[in-house]
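Visitor: I'd like a close look at a single part of this one. Could you pick a spot and walk me through what surrounds it?

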Amino acid sequence: REFTPWQKANWKAACCAWCETTDGLELDHIIPIVAGGINIKENSQTLCRKCNLWKMAYVDRPYYISMLASKAAS
């Protein structure tokens, strides 16, 4: 589930939480929705597009795959 326009407007910080750029900012789920994350402020962070894409590939996807493997093993 996406963040609402209100959440995006009110929760987005002035710079990326990872690299501190101010360009191309997006609101990101710290724990992705597919891994059980929810749309609350405590599960949000502001990332630039580059950092968000890196996080999706190297943090979110492996986390989700690991979660699926754990469920399959139980």
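**Around the core and its neighbours**

Guide: Happy to, and keep in mind that this is a predicted model. Let's start with the largest nonpolar core, which has five residues in all: Cys-16, Leu-25, Leu-47, Cys-48 and Cys-51. As a general backdrop, nonpolar side chains in soluble globular proteins tend to be buried together.

Take Leu-47 from that set. Skipping neighbours within four places in sequence, Leu-47 is in contact with Cys-16 and Leu-25, and its list also includes Ala-17, Trp-18, Gly-24, Glu-26, Asp-28, Asn-52 and Lys-55.

Follow the Trp-18 contact outward. Trp-18 sits in the loop between helix H1 (5–11) and strand S1 (25–29). Its relative accessible area is 40%, so Trp-18 counts as partly exposed. On the surface, Trp-18 joins Trp-54, Tyr-58 and Val-59 in a nonpolar patch, and together they offer about 450 Å² of accessible area.

Cys-15 is also in the loop between H1 and S1. Cys-15 is partly exposed too, because its relative accessible area is 31%. Beyond four places in sequence, Cys-15 touches the core residue Leu-25, along with Glu-20, Thr-21, Thr-22 and Thr-46.

Now follow Lys-55, another contact of Leu-47. Lys-55 also touches His-29, whose other contacts more than four places away in sequence are Arg-1, Phe-3, Ile-38, Asn-39 and Asn-43. His-29 lies in strand S1, and at 12% relative accessibility it's under the 20% cut-off, so it counts as buried. With Asn-39, there's a side-chain to side-chain polar contact at 2.4 Å.

Notes
Residues are numbered from 1 along each chain as its sequence is written. This is a predicted model: local features need pLDDT of at least 70, side-chain atom pairs count only at pLDDT 80 or more; totals for chains, interfaces and linings use all residues. Side-chain values use heavy atoms; hydrogens and water are left out. Patches are made of residues with over 30% relative accessible area and no salt bridge: like charges are joined within 9 Å, nonpolar side chains (Val, Leu, Ile, Met, Phe, Trp, Tyr) within 5 Å. Accessible areas come from the Shrake-Rupley method with a 1.4 Å probe; for residues, only the protein chains shown count as cover. A salt bridge is a side-chain nitrogen of Lys or Arg within 4 Å of a carboxyl oxygen of Asp or Glu. Helices (H or I, at least four residues) and strands (E, at least two) are DSSP runs, numbered from the N terminus. Buried means under 20% relative accessible area, exposed over 50%, partly exposed in between (1.4 Å probe, protein chains only). A nonpolar core is a set of buried Ala, Val, Leu, Ile, Met, Phe, Trp, Tyr and Cys residues joined through side-chain atoms within 4.5 Å. Contact means heavy atoms within 4.5 Å. A polar contact is a pair of N or O atoms within 3.5 Å; within protein, one must be able to donate a hydrogen and the other to accept it, and residues adjacent in sequence count only if both atoms are side-chain atoms.
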